[in-house]
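Okay, thanks for squeezing me in. Can everybody see the screen? I'll put the sequence and the structure up, and then we'll walk through them.

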Amino acid sequence: MTKDPGRSGIGRRKLAVVAGFPLMAGLIGSARADTAPESTYDRIRRTNVLRIAALPGELPYFQKDLATGEWSGAAISMALDIAKVFDAKLAYVESTYGNSVLDLQSNKVDLAFALNPTPQRALSIAFSHPMIIHPFGCLAKKGLVPKTWDDLNKPELTIVFDIGSLHETVARRYCPKANLVGFKSRDECTLALQSGRADAHIQAALLGLSTVGKNPSLGPFYLLTDPTVALPSCLGLQREPDSRFREVINAWLDMSRGTGQIREWMLQGLAKYGVTRAQIPPGLTF
């Protein structure tokens, strides 16, 4: 039988295409691998630079000297210690708590400090092990010495908080019978308490102690119990397949917390606000 030359040519062309496909696929796969994003771990090791979100005026974590541009505070002490692990220097990216999440997403920073790991944030960034467990309490008017949430959960008391914060969430959950009033900022809440328009101001412990440091007449800060309400404060990291950077950060946190070093850095940061160790509630641990 005579072979059809046309069909034979088509068959050869098909074989050539099929035979060449694995090679082309391999080249495409190689190109994709070559353009894969550099991991945080590899970038820090290559550049010897650790980028952190720095928040001006957010003591005890951050303080910037406007005259010299120098940074200090508990988070800066921690970041410097982490940088030593990588033999790296720090690069500061000025930000806010809210924007630091966006800075991680856009690869502007490698670490963001003092973030509560909410489910909404966890959709877009990763979190470390807890840096501290941060309990809640309040500042109260003279003569009011609350010990439990029930001590504030009374219709005759006006409780203030900054709108949209976890302070509001906690106040509404544990003081529903009180007269609850929200303000745009913590400073406005402080003014309401100072002027007698509020009986108590709900705050997380470190923020409340910092407020007392700036306004000693408002003290003391009261930790509230029954129940003790406390949330983890973590480091935010970029969400990425390479877990090496997160593993190093978690090992550093576990060791620093276990040796009491993080507590010491927190106390030093509070001291910058004028908070003495005697003003720390006995039940407050970091």
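Before anything else, a word on terms: when I say cavity, I mean a set of grid points where a 1.4 Å probe fits but cannot get out. The volume I quote is the space filled by probe spheres set on those points. And please keep in mind that this is a predicted model.

So, how many cavities of 30 Å³ or more does the count come to? One. The largest cavity holds about 40 Å³ of space. Its lining is made of Thr40, Leu237, Gln238, Glu240, Asp242, Ser243, Phe245 and Arg246. Split by class, that lining has two nonpolar, three polar and three charged residues.

One of those lining residues, Glu240, gives me a handy link to Pro37. Pro37 and Glu240 are 203 residues apart in sequence, but C-alpha to C-alpha they are 9.4 Å apart in space. Pro37 itself is in the loop between α1, residues 5-34, and α2, residues 40-47. Is Pro37 buried or exposed? It's exposed, because its relative accessible area is 78% and the cut-off for exposed is over 50%.

Let me zoom out for a second. The chain has ten helices and eleven strands. Of its 286 residues, 44% are buried. And if you take contacts between residues at least 6 apart in sequence, 69% of them join residues at least 24 apart.

Now the open spaces, the pockets. The largest pocket has about 520 Å³ of space. It is lined by 21 residues, and the closest to its centre are Tyr97, Asn116, Arg121, Leu166 and Leu207. Which elements supply at least two residues each to that lining? They are β5, β6, α6 and α8, with α6 giving the largest share, three residues. In terms of chemistry, we're looking at ten nonpolar, eight polar and three charged residues.

The second largest pocket comes in at about 220 Å³. Fifteen might be the number to write down here: 15 residues line this pocket, and Arg186, Asp187, Thr211, Lys214 and Tyr273 lie nearest its centre. α7, which is 186-194, and α8 each supply at least two residues of that lining. The class split for the second largest pocket is three nonpolar, eight polar and four charged.

While we're around α6, have a look at Ser165. Ser165 sits in the loop between β7, residues 158-162, and α6, residues 166-174. Its side chain reaches the backbone nitrogen of His167 at 3.1 Å. Ser165 counts as buried, because its relative accessibility is 17% and the cut-off is under 20%.

Next up, backbone oddities, for anyone who likes checking torsions. There's a cis peptide bond from Gly219 to Pro220, with omega near 0 degrees. Pro220 is in the loop between α8, residues 205-214, and β10, residues 221-223. Then there's a cis bond from Asp226 to Pro227, with omega near 5 degrees. Pro227 is in the loop between β10 and β11, the latter being 230-237.

Which way does phi go at Asp87? Positive, about 55 degrees, although Asp87 is not a glycine. You'll find Asp87 in the loop between α3, residues 74-85, and β4, residues 89-94, and at 63% relative accessibility Asp87 counts as exposed. Asn107 also has a positive phi, about 65 degrees, and Asn107 isn't a glycine either. Asn107 is in the loop between α4, residues 97-105, and β5, residues 112-115. At 40% relative accessibility, Asn107 counts as partly exposed.

Last stop, cysteines. How many disulfides does a search of the whole structure find? Zero. Take Cys138: the nearest cysteine sulfur, that of Cys175, is 8.3 Å away, and a disulfide would need the pair within 2.5 Å, so Cys138 is in no disulfide. Cys138 is buried, with a relative accessible area of 0%. Cys234 is buried too, at 3%.

That's my tour. Who wants to start the discussion?

Key
Residues numbered from 1 in each chain as written. Predicted model: local features only at pLDDT ≥ 70, side-chain atom pairs only at ≥ 80, totals over all residues. Heavy atoms only, no water. Helix = DSSP H or I, 4+ residues; strand = E, 2+ residues; numbered from the N terminus. Buried < 20%, exposed > 50% of the residue type's maximum accessible area, 1.4 Å probe, protein only. Polar contact = N/O pair within 3.5 Å; in protein donor to acceptor, adjacent residues only side chain to side chain. 1 Å grid on protein atoms, 1.4 Å probe; cavity = no way out; pocket = protein on both sides within 12 Å on 5 of 7 lines; lining within 4 Å. Nonpolar A, V, L, I, M, F, W, Y, C, P; charged D, E, K, R; others polar. Contact = heavy atoms within 4.5 Å.
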